[in-house]
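Let's take a walk through this structure together, starting from the inside and working outwards. Keep the view open as you read, so you can pick out each part as it comes up.

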Amino acid sequence: MRTYGLVIIGDEILRGKRPDRHLAKFIEMLAARGLHLSWAEYLGDERPRLIETFRRTLASNDVVFSCGGIGVTPDDHTRQAAAAAAGVPLELNPEAEREIRARMAEIGEPVTPARLELGTVPQGSRIIPNPFNRIPGFSYRDHHFLPGFPQMAWPMAEWVLDTYYADDFRQGAEAEAAILVWEGLEGRMLELMRQTEADFPGVTVFSLPFLGSETMRRHVELGVRGAPDQVAQAIEALKAGVAALGYRFDIKT
């Protein structure tokens, strides 16, 4: 099954001028389709670093969404970096050109070389329609390049998912179950966690310590995620093991 990654680009995010909203939204839209992110990276507007990143991700089998940097101002480098990483030239995509010309006609603006530059993409790319203003994004293989603006990027990403990856939806159905181990110490439960993963190869054990607050005492959220049939058995094994260690616990709801 394919894995999914996210690249979020922009000095404005890394320097605190704007908060990132993409990561939480991509987690949400993938989860709605039974998918999840395997990784995410934040990058500034540095062409050499972008080239290096896309060269690495293009060599993988991941589906990658990239948000930001596909404009034509001096701090936009994503299109050029993607082309350099792929080893292909930029070219004006005919479909993109039609969309740009149509948009300029709608708003009564001239079609200038700078505006047509918005339609230059790595050779061999496909266009991603933009329902907000018709200025498209582009896909190169399983990499999908979107604007940084959420109101554009999010519906464009959903279009990509529904158009190209519907066969992936809910294929790797996952379940999750957890308990709250009151006053638990991870070190005392480590062997239990390792044994549970060994006994149930289809699950991953996770442990999230909470140091305590005015409203909730110290605990460890201990749980499993993975194949639904194994999760139900694995959480029972964890419950029994935690009880054997003398801990009290509650089911996490």
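The largest nonpolar core of this predicted model has 23 residues, and Y4, L6, F26, F65, L146 and L161 are the ones that touch the most other members. Where do they come from? At least two residues of this core come from each of β1, α2 (22-31), β3 and α7. The biggest giver is α7, with seven residues. Seeing such a cluster fits a broader pattern: in soluble globular proteins, nonpolar side chains tend to be buried together.

Now zoom in on F65. Which residues is F65 in contact with, once you leave aside its neighbours within four places in sequence? The list runs through Y4, G5, L6 and V7, then F26, and on to H144, L146, A157, V160 and L161. There's also a second, separate core, made of 18 residues, and L58, V64, A82 and I127 are among them.

Next up is strand β1, which covers residues 4-9. Is β1 mostly covered or mostly open? It's mostly covered, with six of its six residues buried. Here it helps to know that in a regular strand the side chains alternate between the two faces of the sheet. In β1, both faces are covered: Y4, L6 and I8 are buried on one side, while G5, V7 and I9 are buried on the other.

And what does β1 pair with? One partner is strand β2 (residues 37-43), which pairs with β1 in the parallel sense over six bridges. If you'd like a spot to look at, find I8, whose bridge partner in β2 is Y42. Another partner is strand β3 (residues 63-67), which runs parallel to β1 and is joined to it by five bridges. Here you can look for Y4, which has V63 as its bridge partner in β3.

Finally, let's turn to the open space. The largest pocket has a volume of about 710 Å³. It's lined by 30 residues, and R18, G69, P147, G148 and F149 sit closest to its centre. Two or more lining residues come from each of α1 (11-14) and α7 (150-164). Once again α7 stands out, giving the most to the lining with three residues. What sort of residues make up this lining, by class? There are 13 nonpolar, 10 polar and seven charged ones.

So keep an eye on α7 as you turn the model around: it gives the most to the largest nonpolar core and also the most to the lining of the largest pocket.

Definitions and conventions:
Residues numbered from 1 in each chain as written. Predicted model: local features only at pLDDT ≥ 70, side-chain atom pairs only at ≥ 80, totals over all residues. Heavy atoms only, no water. 1 Å grid on protein atoms, 1.4 Å probe; cavity = no way out; pocket = protein on both sides within 12 Å on 5 of 7 lines; lining within 4 Å. Points joined across faces, edges and corners; volume = space filled by probe spheres on them. Helix = DSSP H or I, 4+ residues; strand = E, 2+ residues; numbered from the N terminus. Nonpolar A, V, L, I, M, F, W, Y, C, P; charged D, E, K, R; others polar. Buried < 20%, exposed > 50% of the residue type's maximum accessible area, 1.4 Å probe, protein only. Pairing = 2+ DSSP bridges. Core = buried A, V, L, I, M, F, W, Y, C linked by side-chain atoms within 4.5 Å. Contact = heavy atoms within 4.5 Å.
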